[in-house]
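Subject: Handing over a structure

Dear colleague,

I am passing on the structure below, together with an account of what was found in it. Please keep the sequence and the 3D view open while you read.

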Amino acid sequence: FRVSSTALSLGTTREYRFNPDLSLQWTVLGGAGFGAAGSTTILPSTPTAAAIRDYHFGLTPQTMINGRLIAADRVMLDMTSRYYYVSGAGSDDSRGIERIFRGDVGATFRIYKANALGLKYTYSSRVATYGTQPAISSHEGSYSLYYTVLGSRHFGSVAF
């Protein structure tokens with residue numbers, strides 16, 4: 001499934017320094033805009049399948065929370081969650097809604113100078129309802145192993 005939106009959000013970002021080698025960054029955003037969501041699955045071309053609606057668009061309140069724990073210039077633990085509520089307001093189907101959650105948690109380890117390796121787990125969930133049609137629900141998780149070149153000596157921390 002996929003989700004997209006254009007929105008205006010307000011929020012804040014903060015960084016706390018616990019000691020010379022440990023800091024915590026966090027960001028919280030909340031806002032609303034116009035969004036769309038739906039399945040990427042191609043339904044078979046049968047009269048029954050054609051009648052099943054599997055997309056939605058409308059007014060979309062949304063939130064984003066991010067936390068990052070940075071240990072000196074060696075390790076960064078990162079967590080992000082996003083939530084989208086695609087409502088029926090402004091849509092051609094005011095009875096339908098979509099609830100979409102996407103969260104990830106990961107760790108990045110500096111291995112040499114600006115070179116780093118990371119591991120991340122991402123979980124996505126979608127629950128869609130459209131009036132009298134049965135609810136559509138899908139959930140997916142994935143792991144990622146990645147290599148990155150760091151642009152900042154301290155993983156972006158301004159406290160060091």
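The secondary structure of this protein chain consists of one helix and seven strands, and you should bear in mind throughout that the model is a predicted one. Followed along the sequence, the elements come in the pattern β-β-α-β-β-β-β-β, with the helix placed after the second strand and before the third. The chain has 160 residues, of which 33% count as buried. Among the contacts in the chain with a separation of 6 or more, 59% are between residues 24 or more positions apart.

The sheet

The seven strands form an open sheet in the order β1-β2-β3-β4-β5-β6-β7, and the pairing is antiparallel. The edges are taken by β1 (2-19) and β7, each of which has a single partner strand, so one side of each is left without a neighbour in the sheet. If the direction of the strands is ignored, neighbours in this sheet are turned against each other by 10° on average.

Three of the pairings can be described in detail, and it may help to follow them in strand order. Strand β2, residues 22-38, pairs with strand β3, residues 55-71, in the antiparallel sense over 17 bridges, and within this pairing Gly30 has Thr63 in β3 as its bridge partner. On from there, β3 and β4 are also antiparallel and are joined over 10 bridges, where Ile65 has Ser81 in β4 as its bridge partner. Strand β4, residues 75-86, in turn pairs with strand β5, residues 96-112, over 12 bridges in the antiparallel sense, and here the bridge partner of Leu77 is Ala107 in β5. As a general point to keep in mind when viewing such strands, side chains in a regular strand alternate between the two faces of the sheet.

Two loop residues

Two backbone angles deserve a careful look, since most residues other than glycine have a negative phi. Ala72, which lies in the loop between β3 and β4, has a positive phi of about 50° although it is not a glycine. This loop belongs to the hairpin of β3 and β4, in which three residues stand between the strands. Lys113, placed in the loop between β5 and β6, likewise has a positive phi, near 50°.

Is each of these two residues buried or exposed? Ala72 has a relative accessible area of 18%, which is under the 20% cut-off, and is therefore buried, whereas Lys113 has a relative accessible area of 59%, which is over the 50% cut-off, and is therefore exposed.

The largest pocket

The largest pocket holds about 210 Å³ of space. Its lining is made up of 14 residues, and those that lie nearest the centre of the pocket are Phe1, Ser124, Ser138, His139 and Glu140. Two elements give two or more residues to this lining, namely β6 (115-130) and β7 (136-149), and the largest share, six residues, comes from β7. That strand is also one of the two at the edges of the sheet. By residue class, the lining of the largest pocket divides into eight polar, four charged and two nonpolar residues.

With best wishes

Terms used
Residues numbered from 1 in each chain as written. Predicted model: local features only at pLDDT ≥ 70, side-chain atom pairs only at ≥ 80, totals over all residues. Heavy atoms only, no water. 1 Å grid on protein atoms, 1.4 Å probe; cavity = no way out; pocket = protein on both sides within 12 Å on 5 of 7 lines; lining within 4 Å. Points joined across faces, edges and corners; volume = space filled by probe spheres on them. Helix = DSSP H or I, 4+ residues; strand = E, 2+ residues; numbered from the N terminus. Nonpolar A, V, L, I, M, F, W, Y, C, P; charged D, E, K, R; others polar. Pairing = 2+ DSSP bridges. Axes fitted to C-alpha atoms, helices over the stretch in contact; angles between N-to-C directions. Buried < 20%, exposed > 50% of the residue type's maximum accessible area, 1.4 Å probe, protein only. Contact = heavy atoms within 4.5 Å.
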